[in-house]
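The exercises below ask you to read a protein model step by step, beginning with its pockets and ending with the way its helices pack. Try each task on the structure before you read the solution.

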Amino acid sequence: MADTATGFAAALASTLFFGSFGVPIKSPAIVKAQVDPVIFQCYKTSACFCTCWLALLFVEFKFTWWGVVGAAIWVVNGTVAIVAVQKAGLSVAQALWSGLSIFVGFVWGAYVFEEPIKDVYMSFVALMLMAVGMAGGGPPP
């Protein structure tokens, strides 16, 4: 149970940080400077590299090439997320990628990793309701 509580706490913390990382992209100084998404991603990546070492205060260092693969995916994801925020706005872009990420994560967890699902029917109902909500959250015509 302690692992589950730690997982929920980490998920709540990541919600705060993932939900806020796009705020500087919309700051007037950044918008005025027309910072290229790749440059902004370099800043984000550098900040992550410098601060990630804090994790070693809590866990032992273990290298895996999957970490490198994950980092490469994260860099591409971060770059296109910056473009999305610049072009579609923070609220629309964040809602869209967050919602679609839930769909992708559900497929990976349920069907690729075969993780147990408490109620498959209600999971699909929840996904469909979320899809309806995402469809209503786009920019006005």
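**Exercise 1.** Find which element gives the largest share of the lining of the second largest pocket, and describe that pocket in this predicted model.

*Solution.* Begin with the share itself: H4 supplies five residues, the largest share of the lining of the second largest pocket. Next take the size, since the volume of the second largest pocket is about 580 Å³. Its lining is made of 17 residues, and those closest to the centre are Phe49, Cys52, Trp53, Gly67 and Ala71. The elements that contribute two or more residues to this lining are H3 and H4. Finally, sort the lining of the second largest pocket by class, which gives 13 nonpolar, three polar and one charged.

**Exercise 2.** Describe the largest pocket in the same manner, and state which residues lie nearest its centre.

*Solution.* The largest pocket holds about 950 Å³ of space. It is lined by 21 residues, and Phe17, Phe18, Phe21, Cys48 and Trp74 are the ones that lie nearest its centre. Two or more residues of this lining come from each of helix H1 (2–20), H3, H4 and helix H5 (90–112). Among these contributions, the largest share, six residues, belongs to H3. Sorted by class, the lining of the largest pocket has 12 nonpolar, eight polar and one charged residues.

**Exercise 3.** How many helices and how many strands does the protein have?

*Solution.* Counting the elements gives six helices and zero strands, and reading along the sequence gives the pattern α-α-α-α-α-α. To place these elements in space, note that the C-alpha atoms fill a box of roughly 50 × 50 × 25 Å along the principal axes.

**Exercise 4.** Work out how H3 packs against H4, and which residues make the contact.

*Solution.* A pair of packed helices is described by the angle between their axes and by the distance between those axes. For helix H3 (residues 37–52) and helix H4 (residues 65–88), the axes come within 9 Å and cross at roughly 130°. That angle makes H3 oblique to H4, and H3 passes H4 in a right-handed crossing. On the H3 side, the contact uses Pro37, Val38, Phe40, Gln41, Lys44, Thr45 and Cys48, which meet Trp74, Val75, Gly78, Thr79, Ile82, Val83 and Gln86 of H4. By class, the residues of this contact divide into eight nonpolar, five polar and one charged.

**Exercise 5.** What is the angle at which H4 and H5 pack, and what is the angle for H5 and H6?

*Solution.* Take H4 and H5 to begin with: their axes are 7 Å apart, and the helices pack at an angle of about 135°. H4 and H5 are therefore oblique to each other. In this contact, Ala81, Ala84, Val85 and Ala88 of H4 meet Leu90, Val92, Ala93 and Trp97 of H5, and its residues comprise eight nonpolar, no polar and no charged.

Then turn to H5 and helix H6 (residues 120–135), whose axes are 10 Å apart and which pack at an angle of about 160°. Angles over 145 degrees count as roughly antiparallel, and H5 and H6 are therefore roughly antiparallel to each other. The crossing of H5 and H6 is left-handed. Among the residues that make this contact are Leu96, Phe103 and Phe106 of H5, together with Phe124, Leu127 and Met134 of H6. By class, the contact of H5 with H6 has 13 nonpolar, two polar and no charged residues.

Terms used:
Residues are numbered from 1 along each chain as its sequence is written. This is a predicted model: local features need pLDDT of at least 70, side-chain atom pairs count only at pLDDT 80 or more; totals for chains, interfaces and linings use all residues. Side-chain values use heavy atoms; hydrogens and water are left out. Axes are lines fitted to C-alpha atoms, for helices over the stretch in contact, and angles run from 0 to 180 degrees between N-to-C directions. Helices (H or I, at least four residues) and strands (E, at least two) are DSSP runs, numbered from the N terminus. Angles under 35 degrees count as roughly parallel, over 145 as roughly antiparallel, 65 to 115 as roughly perpendicular and the rest as oblique. A crossing is left-handed if the near helix is turned anticlockwise from the far one by less than a right angle, and right-handed if clockwise. Contact means heavy atoms within 4.5 Å. Ala, Val, Leu, Ile, Met, Phe, Trp, Tyr, Cys and Pro count as nonpolar, Asp, Glu, Lys and Arg as charged, and the others, Gly among them, as polar. On a 1 Å grid over the protein atoms alone, a cavity is a set of points where a 1.4 Å probe fits but cannot get out, and a pocket is an open set with protein on both sides within 12 Å along at least five of seven lines; lining residues have an atom within 4 Å of a point. Grid points are joined across faces, edges and corners, and a volume is the space filled by probe spheres set on the points.
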